[in-house]
Amino acid sequence: MPGLNYSSQTTTVSAPAVATPVEAPRAGVYFNARLDPKNFLEGPLSHNAATRLRQMLARPGIVCAPGICDGISARVALEAGFDCLYQSGAATTASRLGQPDVAIATLNDFVGAAQMVCSLQPSVPVIADADTGFGGPANVARTVRQYVSAGVAGMHIEDQVQTKRCGHLMGKQVVSREEFLTRIRAAVIARDSIPGGSDFVIIGRTDSAQVLGMEEAVIRLKLAADAGADVCFIEGVKTEELLRSTVAALAPKPVLVNVISGGLTPSFTTQEAERMGAKIIIFSLVSSVAMVHAVRDAMRSLKKTGTDFSSARGMDPKAFFEVMGLNEVIELDAKAGGSAFQIV
């Protein structure tokens with residue numbers, strides 16, 4: 001039988017106009033010729049974030065995406081020159097709700113955060129956590145559609161039970177292989193059903209390594225790839241050897257590794273992860289943890305001294321707003337003929 005394609009819809013190619021010939025798909029495996037990585041090897045980087053992410057995945061070099069938790073952290077990451085951002089579920093739950101990552105946040109919380117982050121620099125890809133998809137196949141499909149509408153470039157969906165927790169906590173439980181694959185298939189069907197064709201990237205994540213062992217984790221990711229996942233994400237990989245063997249077992253599918261200081265995965269550097277064969281590295285809590293330390297120090301200093309002078313470190317309000325895009329707002333206002341910000 002030919003490669004599976006869940007949608008019979010005819011779509012237009014949003015990648016380079018001249019596509020490289022593609023190999024015949026394996027029997028029983030999802031295949032969409034339009035999304036073949038070979039189609040994204042050439043040409044300038046697209047202004048469409050999802051297409052750009054596919055180009056980055058198809059070309060040499062690792063994709064490093066720092067975890068952001070709000071508008072401030074996203075602005076600072078862009079200022080630092082990162083060309084891809086990661087909207088962490090844990091960070092979003094903490095920043096929007098002040099709660100731990102134990103299935104408290106909803107789809108609306110995640111979509112609201114994504115709309116804001118993706119609007120700051122729309123051509124920069126944002127990879128967003130989608131937890132378990134927030135329900136059954138219909139909910140997974142709704143999640144995909146809402147993420148695409150928000151401007152998200154790609155999302156990962158996992159095999160934990162609905163009452164999930166951070167992947168670096170103990171006591172995780174996972175669903176069956178088939179239920180996990182149902183989630184992946186629903187996401188792929190929803191993506192392929194978007195009129196005009198979407199380059200949205202589906203990332204299959206498994207948390208089963210800590211529950212059922214590495215062998216089962218690799219099997220699940222192979223099945224997810226066959227069902228249409230574009231990228232494989234193994235959570236909590238504990239050693240360099242295991243990461244290397246996972247990359248080899250899943251080739252040619254790109255592999256994402258999640259590094260959290262003090263978590264299950266060693267503190268691999270971006271360069272080390274690239275040498276091990278990983279294609280994407282995310283640092284989920286880099287901004288959130290740094291924020292806790294910085295704000296804690298500032299609050300303790302204010303409580304002790306009665307002033308915020310030392311914690312401000314010379315940053316006045318205008319300098320702060322410039323990090324938040326003040327100059328762009330002033331420029332836009334002037335170009336439109338406004339005069340509200342001639343003096344700021």
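User: Which hand does the crossing of α5 and α6 have?

Analyst: In this predicted model, the crossing of α5 and α6 is right-handed.

User: What makes α5 oblique to α6?

Analyst: The two axes cross at roughly 45° and come within 8 Å. Angles under 35 degrees count as roughly parallel and those from 65 to 115 as roughly perpendicular. The angle of α5 to α6 fits neither range, so the pair is called oblique.

User: Which residues of α5 and α6 meet?

Analyst: From α5 they are P137, V140, A141 and V144. Their partners in α6 are T182, R183, A186, A187, A190 and R191. By class, this contact holds seven nonpolar residues, one polar and two charged.

User: Why does R183 count as buried?

Analyst: R183 has a relative accessibility of 3%. Buried means under 20%, so R183 falls in that class.

User: Where does R183 lie, and what does it touch?

Analyst: R183 is part of helix α6. Leaving aside residues up to four places away in sequence, R183 touches T132, V140, I157, E158, D159, Q160, Q162 and V175. V140, in α5, also appears in the contact of α5 with α6.

User: How do you know that H156 is buried?

Analyst: The relative accessible area of H156 is 0%. The cut-off for buried is under 20%, and therefore H156 is buried.

User: Where is H156 found, and which residues does it touch?

Analyst: H156 belongs to strand β4. Apart from residues up to four places away in sequence, H156 touches Y86, A128, D129, A130, D131, I203, R205 and F233.

User: Why is α2 called roughly parallel to α4?

Analyst: α2 and α4 pack at an angle of about 30°, and their axes are 10 Å apart. Angles under 35 degrees count as roughly parallel, so α2 is given that name with respect to α4. The crossing of this pair is right-handed.

User: What residues make the contact of α2 with α4?

Analyst: G71, A74, R75 and L78 in α2 meet M116, V117 and L120 in α4. Five of these residues are nonpolar, one is polar and one is charged.

User: What makes α4 roughly parallel to α5?

Analyst: The angle between α4 and α5 is about 20°, with axes 8 Å apart. Roughly parallel requires an angle under 35 degrees, and therefore the term applies to α4 and α5. Their crossing is right-handed.

User: Which residues does α4 bring to its contact with α5, and which does α5 bring?

Analyst: α4 brings L107, N108, F110, V111, A114, Q115 and C118, while α5 brings R142, T143, Q146, Y147 and A150. The classes are seven nonpolar, four polar and one charged.

User: Which residues touch the most other members of the largest nonpolar core?

Analyst: They are L85, Y147, V152, M155, I184 and F200, in a core of 43 residues. Elements giving two or more residues to this core include α2, α4, α5 and α6. The largest share, seven residues, comes from α6.

User: What does M155 touch?

Analyst: Residues up to four places away in sequence are not counted. M155 touches A128, A130, T143, V144, Y147, A187, F200, V201, I202 and I203.

User: How many residues does the second, separate core have?

Analyst: The second core has 22 residues, among them I62, A225, L243 and M276.

Methods:
Residues are numbered from 1 along each chain as its sequence is written. This is a predicted model: local features need pLDDT of at least 70, side-chain atom pairs count only at pLDDT 80 or more; totals for chains, interfaces and linings use all residues. Side-chain values use heavy atoms; hydrogens and water are left out. A nonpolar core is a set of buried Ala, Val, Leu, Ile, Met, Phe, Trp, Tyr and Cys residues joined through side-chain atoms within 4.5 Å. Buried means under 20% relative accessible area, exposed over 50%, partly exposed in between (1.4 Å probe, protein chains only). Helices (H or I, at least four residues) and strands (E, at least two) are DSSP runs, numbered from the N terminus. Contact means heavy atoms within 4.5 Å. Axes are lines fitted to C-alpha atoms, for helices over the stretch in contact, and angles run from 0 to 180 degrees between N-to-C directions. Angles under 35 degrees count as roughly parallel, over 145 as roughly antiparallel, 65 to 115 as roughly perpendicular and the rest as oblique. A crossing is left-handed if the near helix is turned anticlockwise from the far one by less than a right angle, and right-handed if clockwise. Ala, Val, Leu, Ile, Met, Phe, Trp, Tyr, Cys and Pro count as nonpolar, Asp, Glu, Lys and Arg as charged, and the others, Gly among them, as polar.
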